[in-house]
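Grab a viewer and work through these short exercises. Each one sets a task and then walks through a solution.

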Amino acid sequence: MRTSARLKAWLTLRGLRTLALRLREQCANALGVAQWLHDQPSIARVVYPGLPDHPNHDLAQQLFRADYFGGMVSFELRDAAEPEVFRFMERLKLIQTATSLGDVYSLLLYPAASSHHALGREERLRQGIGDGLVRLSVGIEDVEDVIADLRQALYTP
């Protein structure tokens with residue numbers, strides 16, 4: 001076996017040892033962030049299957065282990081278009097903007113300018129992706145730090 005294959009195997013095994021811990025923290029953090037966002041006047045809507053008002057919440061409760069609704073939270077900034085979303089993103093200090101999601105760090109993506117940029121605005125809107133929608137892959141940082149970063153980015157003029 002080549003050294004690079006051994007290294008990859010070792011890294012995979014090392015990652016598997018902490019997978020349960022990382023998943024537990026990520027899901028708990030995502031739920032905490034989603035609940036906080038849900039109560040913010042500057043947020044038009046929050047999309048997270050762990051919230052009772054999600055249209056598929058009952059199904060998610062059947063499919064997923066208790067409180068393991070994933071680490072992805074989508075939310076829409078109220079009355080925001082691309083310029084307001086970009087200003088919000090520029091104010092983030094802890095949360096990193098990214099073009100892909102899923103890490104131990106909290107990462108934010110603007111679908112209208114990245115994953116769904118090839119779609120026309122009408123098609124994006126039909127799919128529920130408004131001009132103010134962002135996707136947050138919540139990491140395993142302290143949830144209060146993630147919320148504090150969102151708070152300062154949302155409410156800094």
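**Exercise 1. Classify R87 by its accessibility, then find its charged partner.**

Step 1: R87 has a relative accessibility of 42%, so it counts as partly exposed. Keep in mind that this is a predicted model.

Step 2: Look for an acidic side chain. The side chain of R87 meets that of E84 in a salt bridge, at 3.6 Å from N to O.

Step 3: Place the pair. Both R87 and E84 sit in helix α4, 3 residues apart, which is about one turn of the helix.

Step 4: Check the partner. E84 has a relative accessibility of 33%, so it is partly exposed too.

**Exercise 2. Work out what surrounds the largest pocket and which helix gives the most to its lining.**

Step 1: Start with the volume, which is about 170 Å³ for the largest pocket.

Step 2: List the lining. It includes S42, L77, D79, F88 and L154, and the R87 and E84 from the previous exercise are also among the lining residues.

Step 3: Sort by element. Helices α4 (82–91) and α6 (143–155) each give two or more residues to this lining, and α4 gives the most, with 4.

Step 4: Sort by chemistry. The lining divides into 5 nonpolar, 1 polar and 5 charged residues.

**Exercise 3. How many salt bridges does the structure hold, and which one pairs E76?**

Step 1: Count them: there are 2 salt bridges in the structure.

Step 2: E76 pairs with R45, side chain to side chain, at 2.8 Å from N to O.

Step 3: Look at the span. This pair links distant parts of the chain, with E76 in strand β2 and R45 in strand β1 (residues 43–47), 31 residues apart.

Step 4: Compare accessibility. E76 comes out at 18%, under the 20% cut-off, so it is buried, whereas R45, at 32%, counts as partly exposed.

**Exercise 4. Is H57 buried or exposed, and what does its side chain meet?**

Step 1: Find H57 in helix α3 (residues 57–63).

Step 2: Its relative accessible area is 9%, so H57 is buried.

Step 3: Look for polar partners. A polar atom of the H57 side chain lies 3.2 Å from the backbone oxygen of L51.

Step 4: Leave out neighbours within four places in sequence, and H57 is in contact with P49, G50, L51, P52 and F69.

Step 5: For contrast, try A66, in the loop between α3 and β2 (72–77). With a relative accessible area of 61%, A66 is exposed. A66 and G50 are 16 residues apart in sequence, and their C-alpha atoms are 9.4 Å apart.

Note on methods
Residues numbered from 1 in each chain as written. Predicted model: local features only at pLDDT ≥ 70, side-chain atom pairs only at ≥ 80, totals over all residues. Heavy atoms only, no water. Buried < 20%, exposed > 50% of the residue type's maximum accessible area, 1.4 Å probe, protein only. Polar contact = N/O pair within 3.5 Å; in protein donor to acceptor, adjacent residues only side chain to side chain. Contact = heavy atoms within 4.5 Å. 1 Å grid on protein atoms, 1.4 Å probe; cavity = no way out; pocket = protein on both sides within 12 Å on 5 of 7 lines; lining within 4 Å. Points joined across faces, edges and corners; volume = space filled by probe spheres on them. Nonpolar A, V, L, I, M, F, W, Y, C, P; charged D, E, K, R; others polar. Salt bridge = Lys/Arg side-chain N within 4 Å of Asp/Glu carboxyl O.
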